Amino acid sequence: MPPAATAAGVRELPHPTRAEIRLEEVLHALSDPVRLRIVRDLAADSEALFSCSHFDLPVSKSTTTYHFRVLRECGVIRQTYRGTAKMNGLRRDDLDAVFPGLLDALLAAAARQAAGAGPLR
(Lines give C-alpha, C1' and ligand atoms only; values in the text may rest on other atoms or scores of the structure.)
Protein backbone atom coordinates (compact mmCIF):
# COMPACT_ATOMS: atom_id res chain seq x y z
CA MET A 1 0.00 0.00 0.00
CA PRO A 2 1.57 3.35 -1.03
CA PRO A 3 2.07 6.17 1.47
CA ALA A 4 -0.92 8.47 1.81
CA ALA A 5 -0.75 12.25 1.74
CA THR A 6 -2.68 14.08 4.43
CA ALA A 7 -4.09 17.60 4.18
CA ALA A 8 -0.85 18.93 5.64
CA GLY A 9 1.17 17.11 2.98
CA VAL A 10 2.73 14.67 5.45
CA ARG A 11 3.11 11.17 4.09
CA GLU A 12 1.95 8.44 6.43
CA LEU A 13 2.49 4.72 6.16
CA PRO A 14 -0.14 2.14 7.13
CA HIS A 15 0.49 0.30 10.40
CA PRO A 16 -1.65 -2.29 12.14
CA THR A 17 -3.34 -1.17 15.32
CA ARG A 18 -2.30 -2.86 18.54
CA ALA A 19 -5.40 -5.09 18.31
CA GLU A 20 -4.46 -6.14 14.76
CA ILE A 21 -0.97 -7.41 15.63
CA ARG A 22 -0.95 -11.18 15.13
CA LEU A 23 1.47 -13.59 16.79
CA GLU A 24 2.04 -15.70 13.68
CA GLU A 25 2.93 -12.62 11.63
CA VAL A 26 5.35 -11.33 14.27
CA LEU A 27 7.05 -14.72 14.56
CA HIS A 28 7.25 -15.04 10.78
CA ALA A 29 8.82 -11.59 10.49
CA LEU A 30 11.37 -12.34 13.20
CA SER A 31 12.28 -15.72 11.71
CA ASP A 32 14.43 -13.99 9.09
CA PRO A 33 18.00 -13.27 10.27
CA VAL A 34 18.15 -9.84 8.59
CA ARG A 35 14.87 -8.70 10.13
CA LEU A 36 15.88 -10.09 13.53
CA ARG A 37 19.13 -8.13 13.25
CA ILE A 38 17.17 -4.94 12.53
CA VAL A 39 14.97 -5.54 15.59
CA ARG A 40 17.99 -6.28 17.79
CA ASP A 41 19.60 -3.01 16.68
CA LEU A 42 16.39 -1.07 17.32
CA ALA A 43 15.94 -2.74 20.72
CA ALA A 44 19.41 -1.60 21.80
CA ASP A 45 17.99 1.94 21.90
CA SER A 46 14.24 1.42 21.72
CA GLU A 47 13.43 5.09 22.33
CA ALA A 48 15.42 6.31 19.32
CA LEU A 49 14.39 6.50 15.68
CA PHE A 50 16.83 5.42 12.99
CA SER A 51 16.77 5.87 9.23
CA CYS A 52 16.95 2.79 7.04
CA SER A 53 20.43 3.86 5.94
CA HIS A 54 21.62 3.65 9.56
CA PHE A 55 21.61 -0.15 9.31
CA ASP A 56 24.59 -1.87 7.69
CA LEU A 57 22.82 -4.89 6.21
CA PRO A 58 24.29 -7.53 3.88
CA VAL A 59 21.51 -7.09 1.31
CA SER A 60 20.62 -4.71 -1.51
CA LYS A 61 18.73 -1.47 -0.93
CA SER A 62 15.54 -2.93 -2.43
CA THR A 63 15.79 -5.99 -0.18
CA THR A 64 16.38 -3.74 2.82
CA THR A 65 13.19 -1.84 1.92
CA TYR A 66 11.32 -5.15 1.72
CA HIS A 67 12.53 -6.25 5.19
CA PHE A 68 11.46 -2.96 6.77
CA ARG A 69 8.05 -3.22 5.09
CA VAL A 70 7.53 -6.73 6.49
CA LEU A 71 8.40 -5.52 9.99
CA ARG A 72 6.07 -2.51 9.67
CA GLU A 73 3.15 -4.42 8.22
CA CYS A 74 3.18 -7.01 11.02
CA GLY A 75 3.43 -4.35 13.74
CA VAL A 76 6.99 -4.87 14.97
CA ILE A 77 8.22 -1.43 13.93
CA ARG A 78 6.71 1.98 13.28
CA GLN A 79 7.95 3.96 10.29
CA THR A 80 7.48 7.69 9.93
CA TYR A 81 8.78 10.11 7.36
CA ARG A 82 11.19 12.84 8.39
CA GLY A 83 11.70 14.77 5.20
CA THR A 84 12.51 12.13 2.62
CA ALA A 85 13.93 9.63 5.11
CA LYS A 86 11.90 6.84 6.67
CA MET A 87 12.59 6.75 10.38
CA ASN A 88 12.17 3.44 12.18
CA GLY A 89 11.33 2.68 15.77
CA LEU A 90 10.52 -0.50 17.63
CA ARG A 91 6.90 -0.83 18.78
CA ARG A 92 8.02 -2.29 22.11
CA ASP A 93 5.06 -0.92 24.10
CA ASP A 94 2.56 -2.47 21.70
CA LEU A 95 4.38 -5.80 21.49
CA ASP A 96 4.80 -6.01 25.27
CA ALA A 97 1.11 -5.22 25.78
CA VAL A 98 -0.09 -7.84 23.29
CA PHE A 99 2.55 -10.52 23.98
CA PRO A 100 4.08 -9.90 27.44
CA GLY A 101 7.69 -11.12 27.62
CA LEU A 102 7.83 -12.36 24.02
CA LEU A 103 10.14 -9.68 22.66
CA ASP A 104 12.53 -9.95 25.61
CA ALA A 105 12.63 -13.74 25.29
CA LEU A 106 13.32 -13.60 21.55
CA LEU A 107 15.99 -10.93 21.93
CA ALA A 108 17.69 -12.89 24.73
CA ALA A 109 17.64 -16.07 22.65
CA ALA A 110 19.05 -14.19 19.65
CA ALA A 111 21.82 -12.73 21.80
CA ARG A 112 22.73 -16.18 23.15
CA GLN A 113 22.76 -17.60 19.63
CA ALA A 114 24.92 -14.72 18.35
CA ALA A 115 27.33 -15.33 21.23
CA GLY A 116 27.71 -18.95 20.15
CA ALA A 117 25.64 -20.55 22.91
CA GLY A 118 23.39 -22.18 20.32
CA PRO A 119 19.65 -22.70 20.45
CA LEU A 120 17.64 -23.06 23.62
CA ARG A 121 17.05 -26.60 24.82
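This report describes the fold, the helix α5, the largest pocket and the residue alanine 85 of a predicted model.

## Overall architecture

The protein has 121 residues, of which 36% count as buried. Its secondary structure consists of five helices and five strands. In sequence order these elements follow the pattern β-β-α-α-β-α-β-β-α-α.

Contacts between residues distant in sequence are a marked part of the picture: among contacts with a separation of 6 or more, 61% join residues 24 or more positions apart.

## Helix α5

Helix α5 covers residues 102–114, 13 residues in total. At 1.5 Å a residue, a helix of this length should span 18 Å, and the end C-alpha atoms of α5 are indeed 18 Å apart, so the expected and computed values agree.

Three residues of α5 are buried, namely Leu103, Leu107 and Ala110. They lie on the same side of α5, because the arc that they cover around the axis is only 60 degrees. The packing partners of these buried residues are α2 (33–44), β5 and α4 (92–98). Just beyond the helix, glycine 116 adopts a positive phi of about 95 degrees.

## The largest pocket

The largest pocket has a volume of about 280 Å³. Its lining comprises 15 residues, and those closest to the centre of the pocket are Cys52, Ser53, Lys61, Thr64 and Thr65. Two or more lining residues come from each of the elements α3 (61–74), β4 (77–82) and β5 (85–90). The greatest contribution is that of α3, which supplies four residues.

What is the make-up of the lining by class? Seven of the lining residues are nonpolar, six are polar and two are charged.

## Alanine 85 and strand β5

Alanine 85 is located in strand β5. This strand gives two or more residues to the lining of the largest pocket, and β5 is also one of the elements against which the buried residues of α5 pack.

Is alanine 85 buried or exposed? Neither term applies: with a relative accessible area of 28%, alanine 85 is partly exposed, since buried means under 20% and exposed means over 50%. Although alanine 85 and cysteine 52 are 33 residues apart along the chain, their C-alpha atoms are separated by 7.7 Å. Cys52 is itself among the residues closest to the centre of the largest pocket.

Key. Residues are numbered from 1 along each chain as its sequence is written. This is a predicted model: local features need pLDDT of at least 70, side-chain atom pairs count only at pLDDT 80 or more; totals for chains, interfaces and linings use all residues. Side-chain values use heavy atoms; hydrogens and water are left out. On a 1 Å grid over the protein atoms alone, a cavity is a set of points where a 1.4 Å probe fits but cannot get out, and a pocket is an open set with protein on both sides within 12 Å along at least five of seven lines; lining residues have an atom within 4 Å of a point. Grid points are joined across faces, edges and corners, and a volume is the space filled by probe spheres set on the points. Ala, Val, Leu, Ile, Met, Phe, Trp, Tyr, Cys and Pro count as nonpolar, Asp, Glu, Lys and Arg as charged, and the others, Gly among them, as polar. The expected span of a helix is 1.5 Å times one less than its number of residues. Buried means under 20% relative accessible area, exposed over 50%, partly exposed in between (1.4 Å probe, protein chains only). The arc is that of the directions from the helix axis to the C-beta atoms. Contact means heavy atoms within 4.5 Å.
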